[in-house]
Amino acid sequence: MEDVEIEVSAPGEIEPDALALPLTEEDSTPRSNDAQLGSRLRRLADDGELRGELGKTVVLHTDGGSSARRVVVAGVGKRADMDADAIRTAASAVVRRLRDVGGTLAWLLDDSLPLSFDEQARAVVEGAVLGGYSPARWKTEEQPSKPIGKIVLVAAEQNGVAETATRAARVGKWVNWARDLANSPPNELTPADLATRTAELGAERLQVTALEPSQIDELGMGALSAVGRASANGPRLIVLRYEPAEAKSDLVVGLVGKAITFDAGGISLKPALKMYDMKGDMAGGAAVIAATAAIAELELQVRILTVVAAAENLVSGTSFRPGDILQAANGKTIEITNTDAEGRLVLADAMWYARREGATHLLDVATLTGAMEVALGDLYAGLFANDDSWRDEILAAAQASGDHPWPFPLHRRYRRYVDSAYADLKNSSELRQGSPVLAAEFLREFAGEGPWAHIDMAGPGFLERSRGDYYTQRGGTGYGVRLIVELAQRLGA
Ligand code: BES
Ligand code: MN
Ligand code: ZN
């Protein structure tokens with residue numbers, strides 16, 4: 001996989017295929033110290049053709065009047081609303097506008113904007129890389145668009161910008177890798193396929209293994225085993241270990257991902273409408289795998305132990321049933337009241353394994369409950385934790401990353417919702433109340449000793465339609481990859 005090339009340059013020193021100039025709604029023309037360009041831009045502004053509306057682009061051929069062949073005026077919206085997402089959205093719009101041009105895109109960093117050059121550069125690169133993604137890989141006659149091969153950040157003051165931008169390009173590539181997996185059809189991405197794709201990432205400091213169904217059974221993972229039992233494509237427990245040359249602390253971050261390669265709901269079958277989108281129910285697993293690969297590539301100085309529970313939740317003569325009582329690897333017994341609440345089951349065993357292998361801090365990432373999407377839509381994920389300082393570290397990293405989570409409560413008094421008459425607990429409540437919280441309460445019982453956090457990304461993990469920002473395509477978003485890499489960056493600093 002190729003990274004987009006990054007360069008930082010002083011104004012006027014480059015000859016890009018296009019130079020993007022950000023424009024706010026309050027300004028009439030973008031900043032440019034190019035006199036010839038300046039008068040053309042002013043004429044456009046006078047004619048009312050330049051407005052800084054977020055996501056609006058105006059392309060202008062320079063006909064030799066500038067070292068750039070084209071100038072793209074990129075609307076970044078109102079100054080008061082300006083944040084990194086606005087820049088990402090503008091960069092995405094520019095890249096999509098330049099689909100037939102490709103090549104080298106230069107972007108003028110603007111010191112009048114309320115974001116540092118570092119923040120602008122990072123957002124430009126992320127917006128360009130994520131905005132240029134297409135899910136149409138399976139079309140046989142897709143008109144190929146010309147990719148942006150190089151991004152040049154134009155700034156007089158260049159401290160640290162190249163490093164930040166290069167890192168953003170790397171991470172963006174892994175976000176798109178996770179999107180490819182989420183968009184992969186379930187006939188092409190079974191649990192075994194996911195294990196194979198992950199094994200390809202193995203490197204000197206990144207060890208990848210996968211447990212087969214028989215090993216999953218031998219270890220007593222009755223929950224993961226039951227969920228995967230109906231499918232001819234048996235479950236896998238995929239494990240990645242990243243050991244940096246030098247770690248900054250004794251922490252072992254356990255990243256746990258839900259990877260249901262297709263969730264039909266099992267015997268508690270889902271309705272037909274939109275069931276096809278349940279190929280994306282492995283997006284959490286893809287995110288932790290991609291993030292681990294990115295962390296290894298960036299050689300961040302923190303130990304990572306990633307455990308992904310991969311299974312296919314189908315209906316067959318070997319399905320687990322409502323009424324079954326399972327025993328998870330930690331010994332707890334679970335009454336199954338709904339086979340469609342399978343994510344918490346596979347995560348239960350994966351978290352146990354992560355603790356057994358030495359994880360000190362857990363973070364699980366999952367498309368866990370439809371109600372999370374009902375509550376927060378496609379932008380925010382819900383964040384739950386048994387430890388305030390671990391939760392705050394994750395929140396702080398998230399805020400810088402572009403992946404948005406919002407804290408939700410856990411409380412012992414929710415436990416009664418999953419009390420079972422027969423077993424230690426049941427896997428779902430028949431009441432239509434607090435489903436994301438109950439799922440998190442359930443998980444807490446399997447999180448073992450030590451800090452644990454849970455991200456329910458059912459909303460932002462897989463989109464039904466454009467989000468109107470830099471995610472303009474339906475399907476996987478790679479939610480969680482940027483968040484986790486930023487967290488690891490901080491823990492390894
Ligand atoms: N994978 C689904 C959750 C989901 C739904 C993710 C829609 C993304 C979009 C999960 O396995 C599930 O089916 N959850 C059930 C739980 C319920 C039975 C307690 C749900 O949310 O309906
Ligand atoms: Mn389900
Ligand atoms: Zn599911």
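## Exercises on a sheet, its helices and some salt bridges

In this predicted model, six strands form an open sheet with mixed pairing, in the order β1-β6-β5-β2-β4-β3.

**Exercise 1.** Find which strands are the edge strands of the sheet.

*Solution.* Start with the pairing: β1 (5-9) and β3 (57-61) each pair on one side only, so to speak with one free side to look for. These two are the edge strands. Now follow the sheet across: from one strand to the next, the twist averages 25 degrees.

**Exercise 2.** Describe how β2 and β4 pair, and find what packs on the sheet.

*Solution.* Take the strands first. β2 (residues 18-24) and β4 (residues 70-77) are paired in the parallel sense, over six bridges. In this pair, Thr24 stands opposite Gly77 of β4. Next, look at helix α1 (residues 35-46), which packs on the sheet and touches β2, β3 and β4. The direction of α1 makes about 135 degrees with that of β3. Finally, helix α2 (residues 84-97) lies across β2, β3, β4, β5 (103-108) and β6 (148-154), and runs at about 145 degrees to β4.

**Exercise 3.** Decide whether Asp263 is buried or exposed, and name its salt-bridge partner.

*Solution.* Buried means under 20% relative accessible area. Asp263 has 2%, so Asp263 is buried. Its partner is Lys270, with the closest N and O atoms 3.9 Å apart. The cut-off for a salt bridge is 4 Å, and the count for the model comes to 42 salt bridges.

**Exercise 4.** Describe the salt bridge between Glu53 and Lys56.

*Solution.* The N to O distance is 3.5 Å. Glu53 is partly exposed at 31% relative accessibility, and Lys56 is partly exposed at 39%.

Key
Residues are numbered from 1 along each chain as its sequence is written. Chains are lettered from A and ligands numbered from 1 in the order in which they are written. This is a predicted model: local features need pLDDT of at least 70, side-chain atom pairs count only at pLDDT 80 or more; totals for chains, interfaces and linings use all residues. Side-chain values use heavy atoms; hydrogens and water are left out. Helices (H or I, at least four residues) and strands (E, at least two) are DSSP runs, numbered from the N terminus. Axes are lines fitted to C-alpha atoms, for helices over the stretch in contact, and angles run from 0 to 180 degrees between N-to-C directions. Contact means heavy atoms within 4.5 Å. A salt bridge is a side-chain nitrogen of Lys or Arg within 4 Å of a carboxyl oxygen of Asp or Glu. Buried means under 20% relative accessible area, exposed over 50%, partly exposed in between (1.4 Å probe, protein chains only).
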